[in-house]
Structure formats: C-alpha cells, structure tokens
Amino acid sequence: KIQAKVQADFEKWMLDNDISSAAVRSSSTYEDTKESSFAGQFKTILNVRNGVDLVKALREVLAAEPSQTYSDKKGIVNAVVQEFIEPDIAGVIFSVNPASGKNEFVINTSEGRGTNVVEGGKAEQYFVDRLNIENITHKGERELLSSRQIKELATIAFRIELLFEMPQDIEWAIKNNVLYVLQARPITRISHLHLWDSSNISESFPGIV
C-alpha cells in the first residue's frame, strides 16, 4: 500500500506541476556542514519519469554503499525528489575564493549539465569582486555567461551566504535564461581565509582582527 501511494503521489505531483522528469538524490543533516562535505560521494538518479522508476531510484540511492556507510556513522540518510532541469549552462559559484580566500565570487561553468565542472574538467571561470560586482574577470576560451547572468549569480550567492551565515558552495543551472539554484553547502577547510573587521575592539584585541 505504501509503495502504491508513493507512486500515485509522485505521478500526481508531476502532472499538477507540469514536470516531465525528476531527480532522486541523497540528503542528510550531516551530509554537508562547515566541518565536512560529502559532495559527489552519494548516488543521484536522473530522468525519473514514473512511479515505478521512482521506487527503483529510491531503493538504489538509499542502498548505495556510501549511503550505507554514512548512515552507520552519522544517522539516517534521506532522499530528495526534485524536478530535473536539463540545463543550457550549469556550474558552481563560491561566495569567496576557496583557493586563496580572496574576497571575490568564483564561478565555474560549462555547457549542458556541467559535468566538466563537478568532475574537475575544463570549464570557463569568472571572478567577481564582492565589493563591486561590475568588476568581472573571465578566464577561458568562451564567454558562456552574460554580465547580467553573472551579476544575478553573484547576488543570489550573497543572499544565500547571508542566510546560512557562512561562505557557500552553490550548484546552479540556467535553462531558457532562467536561473535555478540546485544545492548550497558550506565551503569547508578554508584555513587561509581571513575576515577583516574594523570594529572598535582594539582595547581587547590589539592589532588587526
């Protein structure tokens, strides 16, 4: 009965929201925190189109070895079912430079699903000054993003960082000029990052804080 209800609810959700396919992916409270990240270690099933395939995908995601190992150590692993977007352009944006700690947004992008980006392959890079988002530097062979899209990415990354109160690593996709935020997680292990503050606390903490 439960399986039939899950299948029926899924297909009704797709019909009501005009969704043609979905993605099934792992999710857990401790999966991505400021202390650790398990990015890319869990299974994701794309292009799930009906209730039968949904149940298969849920079982596969939750039975995957990384999920089982994580569950044994950290607790329960859940699964998220969300609309699948076949993007024109996709990538990641860091709200600070994770390599240097520099006060800039870093955007890595490629055409399609952005597989090159998440697997460390060839990608276009943009660097955006956090204090002046008009100041954009591009490294790569092709200008995949317009200045408007870059500014929109920088703005949403800043809002997400404020929401979670820490620097963020954000996956995104663009389809038909619409920006979708797919996932956000804290940037981990920025040991070289310095936060400069001009607060009047010199009496307690001499020097630069």
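In strand β7, Thr 137 is the bridge partner of Phe 127. That pairing is a handy way into this structure, which is a predicted model. From here we can look at the strands, then the nonpolar cores, an aromatic pair and one alanine.

**Strands side by side**

- β6 and strand β7 (residues 136-139) pair in the antiparallel sense, and four bridges hold this pairing's count.
- These two strands, β6 and β7, form a hairpin, with six residues between them.
- β6 also pairs with β5: the two run antiparallel and are joined by six bridges.
- If you would like a spot to find on screen, look for Asn 108, which stands opposite Gln 125 in β6.

**Nonpolar cores**

- The largest nonpolar core is made of 18 residues. Ile 93, Ile 107, Leu 145, Leu 153 and Trp 172 are the ones with the most contacts inside it.
- Which elements give two or more residues to this core? They are β4 (89-94), β5 (104-111), β6 (124-129), α5 (147-164) and β8 (168-175).
- The largest share comes from α5, which supplies six residues of this core.
- Ile 93 is a good residue to explore: leaving out residues up to four places away in sequence, Ile 93 touches Phe 105, Val 106, Ile 107, Leu 153, Ala 154, Ala 157, Gln 168, Asp 169, Ile 170 and Trp 172.
- Apart from the largest core lies another one, of ten residues, including Met 14, Ile 19, Val 24 and Ala 57.

**An aromatic pair**

- How many aromatic pairs are counted? The count comes to one.
- The pair is Phe 10 with Trp 13: their ring centres are 5.8 Å apart and their planes meet at 40°, so the pair is tilted.
- Both residues lie in helix α1 (residues 2-16), three residues apart, which is about one turn of the helix.
- Are the two partners buried or exposed? Phe 10 counts as buried because its relative accessibility is 5%, under the 20% cut-off. Trp 13 counts as partly exposed, at 28% relative accessibility.

**A closer look at Ala 184**

- Ala 184 lies in strand β9 (residues 178-186).
- With a relative accessible area of 31%, Ala 184 is partly exposed.
- Setting aside neighbours within four places in sequence, Ala 184 is in contact with Ile 160, Gln 168, Asp 169 and Ile 170.
- Ala 184 and Trp 172 are twelve residues apart along the chain, and their C-alpha atoms are separated by 8.9 Å.

Terms used: Residues are numbered from 1 along each chain as its sequence is written. This is a predicted model: local features need pLDDT of at least 70, side-chain atom pairs count only at pLDDT 80 or more; totals for chains, interfaces and linings use all residues. Side-chain values use heavy atoms; hydrogens and water are left out. Buried means under 20% relative accessible area, exposed over 50%, partly exposed in between (1.4 Å probe, protein chains only). Contact means heavy atoms within 4.5 Å. A nonpolar core is a set of buried Ala, Val, Leu, Ile, Met, Phe, Trp, Tyr and Cys residues joined through side-chain atoms within 4.5 Å. Rings of Phe, Tyr and Trp (its six-membered ring) pair if their centres lie within 6.5 Å; planes under 30 degrees apart count as stacked, over 60 as edge-to-face and the rest as tilted. Two strands pair if DSSP finds at least two bridges between them.
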